[in-house]
Amino acid sequence: MTTFRCAAILFDLDGVLVDSTRSVERQWRIWAREQGISGDKVATVAHGVRAVEVIRAVAPHLDAEAEVRKLESREADDHDGVAVMPGAAELVRAVPADRWGVVTSGTRHLASERLRFFGIPAPRIMITADDVTEGKPHPAPYLKGAELLGVKPEECLVIEDAPAGIQSAHGAGMKVIALASTYAASALSEADVVIPKLQRIRVSLDGGRMLEVRVG
């Protein structure tokens, strides 16, 4: 049993609250095929980072912003194989509403559609690709999340599923629980704890201003 004490919890979205890996990879491969780019090349870098940065890296000749709008509009409409992660809704409901938020590399439109479609409670704050100029693995997204929640970065706990997100959170001075949903546990070894499912997490109030998060 590992126990963390924190003032707030910041959740990644895809691969943590919503199982969307198949949709994300499917739409990236369709996009890559349209552009004459290797789908395997794109798939290896696409998860956990902003789409605009992926497109700038693999297709710098394209209008990245326009391509993102097209790609994520398709993703928002693609629910085939997409599901809420087991235990996700129960976990966020166990955290006081002013103590958690979502930090995602997706756009606000895509993130909002994912949450709405699966009935996951809307967070008080949500940091998306539209809200930062530098995405994960840069620490800016998680620092912004802590700022909007009004807590110190070092008092935040992050739940992630991707190496880029772990690096981002650690760069912000936060502890990380990694969920082995998208990547194998061996690829998430830089996290403070790696778990196979969200049901391993229990959240309670410690009697003061802090949350007690137990991972078993």
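Axes here are lines fitted to C-alpha atoms, for helices over the stretch in contact, with angles running from 0 to 180 degrees between N-to-C directions. All the views below come from a predicted model.

**View 1. Helices H1 and H2 cross at an oblique angle.** Here we look at H1 (residues 21–35) and H2 (residues 39–46), whose axes come within 9 Å and cross at roughly 140°. Angles over 145 degrees would count as roughly antiparallel, so this pair is called oblique instead. H1 passes H2 in a right-handed crossing. On the H1 side, the residues that touch H2 are Glu-25, Trp-28, Arg-29, Trp-31 and Ala-32; their partners in H2 are Gly-39, Asp-40, Val-42, Ala-43 and Ala-46. Sorted by class, that contact is made of 6 nonpolar, 1 polar and 3 charged residues.

**View 2. Two tryptophans of H1 form an aromatic pair.** Stay with H1 and pick out Trp-28 and Trp-31, which sit 3 residues apart, or about one turn of the helix. An α-helix has 3.6 residues a turn, so residues three or four places apart point the same way. The two ring centres are 5.5 Å apart and the planes are at 90°, so Trp-28 and Trp-31 pair edge-to-face. Both tryptophans are buried, and both also show up in the contact with H2.

**View 3. Phe-117 and Phe-118 make another edge-to-face pair.** A search of the whole structure turns up 3 aromatic pairs, and this is one of them. The Phe-117 and Phe-118 rings are 5.0 Å apart centre to centre, with 85° between their planes. How accessible is Phe-117? Its relative accessible area is 41%, so Phe-117 is partly exposed. Phe-118 comes in at 21% and also counts as partly exposed, because buried means under 20%.

**View 4. H3 and H4 meet in an oblique crossing.** The axes of H3 (residues 51–58) and H4 (residues 64–77) come within 9 Å and cross at roughly 125°. H3 passes H4 in a right-handed crossing. From H3, look for Ala-51, Val-52, Ile-55 and Arg-56; across from them in H4 are Ala-64, Glu-65, Glu-67, Val-68, Leu-71 and Glu-72. By class, that gives 6 nonpolar and 4 charged residues, with no polar ones.

**View 5. A cis peptide bond leads into Pro-137.** Zoom in on the bond from Lys-136 to Pro-137, which is cis, with omega near 15°. Most peptide bonds are trans. Pro-137 is found in the loop between strand E6 (125–127) and helix H7.

**View 6. Helix H8 packs its buried residues against a helix and two strands.** Within H8 (residues 163–171), the buried residues are Ala-164, Gly-165, Ile-166, Ser-168 and Ala-169. They pack against helix H7 (140–149), strand E7 (156–160) and strand E8 (175–179). Just past the end of H8, Gly-173 has a positive phi of about 85°.

**View 7. Arg-209 sits in a loop between two strands.** The strands on either side are E10 (201–205) and E11 (211–215). With 47% relative accessibility, Arg-209 counts as partly exposed. Setting aside neighbours within four places in sequence, Arg-209 contacts Ala-7, Arg-99 and Glu-155. Arg-99 is 110 residues away along the chain, yet its C-alpha atom and that of Arg-209 are separated by 10.0 Å.

Conventions: Residues are numbered from 1 along each chain as its sequence is written. This is a predicted model: local features need pLDDT of at least 70, side-chain atom pairs count only at pLDDT 80 or more; totals for chains, interfaces and linings use all residues. Side-chain values use heavy atoms; hydrogens and water are left out. Helices (H or I, at least four residues) and strands (E, at least two) are DSSP runs, numbered from the N terminus. Angles under 35 degrees count as roughly parallel, over 145 as roughly antiparallel, 65 to 115 as roughly perpendicular and the rest as oblique. A crossing is left-handed if the near helix is turned anticlockwise from the far one by less than a right angle, and right-handed if clockwise. Contact means heavy atoms within 4.5 Å. Ala, Val, Leu, Ile, Met, Phe, Trp, Tyr, Cys and Pro count as nonpolar, Asp, Glu, Lys and Arg as charged, and the others, Gly among them, as polar. Rings of Phe, Tyr and Trp (its six-membered ring) pair if their centres lie within 6.5 Å; planes under 30 degrees apart count as stacked, over 60 as edge-to-face and the rest as tilted. Buried means under 20% relative accessible area, exposed over 50%, partly exposed in between (1.4 Å probe, protein chains only).
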